[in-house]
Amino acid sequence: MADNNQNKDKRIKVQSYKKLINFYKIIFEPSFIDETKSKSTILYECFTNIFKGTNIFPNEDITFEKISLDKNHIFASICKTSDLDVLTEIKSKGIEIEDKSEYVLESYTYFYLDFNNMGASIIKTQKIPSSDTYIKSLIGNNSYIHISLEPFKKNEQEIKDMIINKISISFFDNSQDFIELKNINKEDCEISDFKIEAKLKKVSKGFASELISKFKNRKEIKKLSASSDTEEVDLIRNIFTKQVSIELNKDYKNDISQIEETLKNELFKIINT
């Protein structure tokens with residue numbers, strides 16, 4: 001009976017968090033590299049040197065933390081240096097907050113780089129929106145190699161097959177569709193974005209194709225995206241963000257392992273699609 005109660009308590013503690021993940025191909029840019037070594041070996045040696053003797057690497061206003069590293073991958077985090085002290089206390093259980101797991105997920109950006117398959121998965125957060133740029137800078141500023149992180153893209157057929165339930169259209173401020181709004185865009189009110197969002201109750205099979213043909217090449221369109229239950233696709237660039245659920249239980253070590261497995265497994269699915 002006691003064991004059953006303990007198992008029940010554990011189940012209650014587990015909570016699902018929905019997070020957005022971006023996926024990238026790792027592309028080596030022209031640079032002086034040892035051509036006798038594989039690219040996976042070069043990446044492994046690069047990160048080994050960066051984190052030599054330490055797990056923490058500060059870089060101006062952000063800080064990298066290596067969590068796991070071997071010849072096949074690196075799993076690490078990025079946080080704002082100003083948040084580092086609080087996050088360190090949370091990890092060591094020195095302070096309690098209402099939802100520790102959510103706080104850690106929002107304050108850190110976690111990333112997983114697969115050296116063998118030349119792919120990367122990164123949790124998207126509002127605090128650190130340009131994490132791919134930070135990763136490229138980390139490598140470029142501290143080694144002899146330079147990489148690009150090129151987003152994975154959907155092909156036209158994959159987009160047409162989407163079950164869309166939401167669309168979002170953003171316009172440049174020179175669009176004639178917002179004349180009345182522009183009249184209030186004065187000293188007392190400054191408009192930052194002209195945007196239309198619509199939730200869709202029902203769509204026909206060819207709706208995605210119709211949406212693309214009607215809006216994609218219009219000069220006044222700044223952003224055009226379509227969403228399903230699990231993905232958001234930028235219809236202008238064909239890049240996408242996937243929403244996944246991560247099961248956490250407020251135990252930092254277990255949660256970190258769960259985040260790593262999620263990033264690893266989701267990246268593997270994208271690479272092998």
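This short presentation describes the two largest pockets of the structure shown above.

Good morning, colleagues. Please bear in mind throughout that this is a predicted model.

I begin with the largest pocket, which holds about 660 Å³ of space. Its lining comprises 26 residues, and those nearest the centre are Leu20, Asn22, Lys124, Glu232 and Thr241. Which elements give two or more residues to this lining? They are strands S1 (15–28), S6 (119–124), S10 (221–227), S11 (231–234) and S12 (240–248), together with helix H5 (131–141). Strand S1 gives the most, with six residues. In terms of chemistry, the lining of the largest pocket divides into ten nonpolar, nine charged and seven polar residues.

I turn now to the second largest pocket, where the space amounts to about 370 Å³. Here 19 residues form the lining, and Leu20, Lys166, Ser225, Ser227 and Glu232 are the closest to the centre. Two or more residues come from each of strand S8 (166–171), strand S9 (194–199), S10, S11 and S12. The largest share belongs to S8, which supplies four residues. As for residue classes, the lining of the second largest pocket has nine charged, eight polar and two nonpolar members.

Finally, let me place the two linings side by side. Leu20 and Glu232 are among the residues nearest the centre of the largest pocket, and Leu20 and Glu232 are also among those closest to the centre of the second largest pocket. Likewise, S10, S11 and S12 each give two or more residues to the lining of the largest pocket and to that of the second largest pocket. Thank you for your attention.

Note on methods. Residues are numbered from 1 along each chain as its sequence is written. This is a predicted model: local features need pLDDT of at least 70, side-chain atom pairs count only at pLDDT 80 or more; totals for chains, interfaces and linings use all residues. Side-chain values use heavy atoms; hydrogens and water are left out. On a 1 Å grid over the protein atoms alone, a cavity is a set of points where a 1.4 Å probe fits but cannot get out, and a pocket is an open set with protein on both sides within 12 Å along at least five of seven lines; lining residues have an atom within 4 Å of a point. Grid points are joined across faces, edges and corners, and a volume is the space filled by probe spheres set on the points. Ala, Val, Leu, Ile, Met, Phe, Trp, Tyr, Cys and Pro count as nonpolar, Asp, Glu, Lys and Arg as charged, and the others, Gly among them, as polar.
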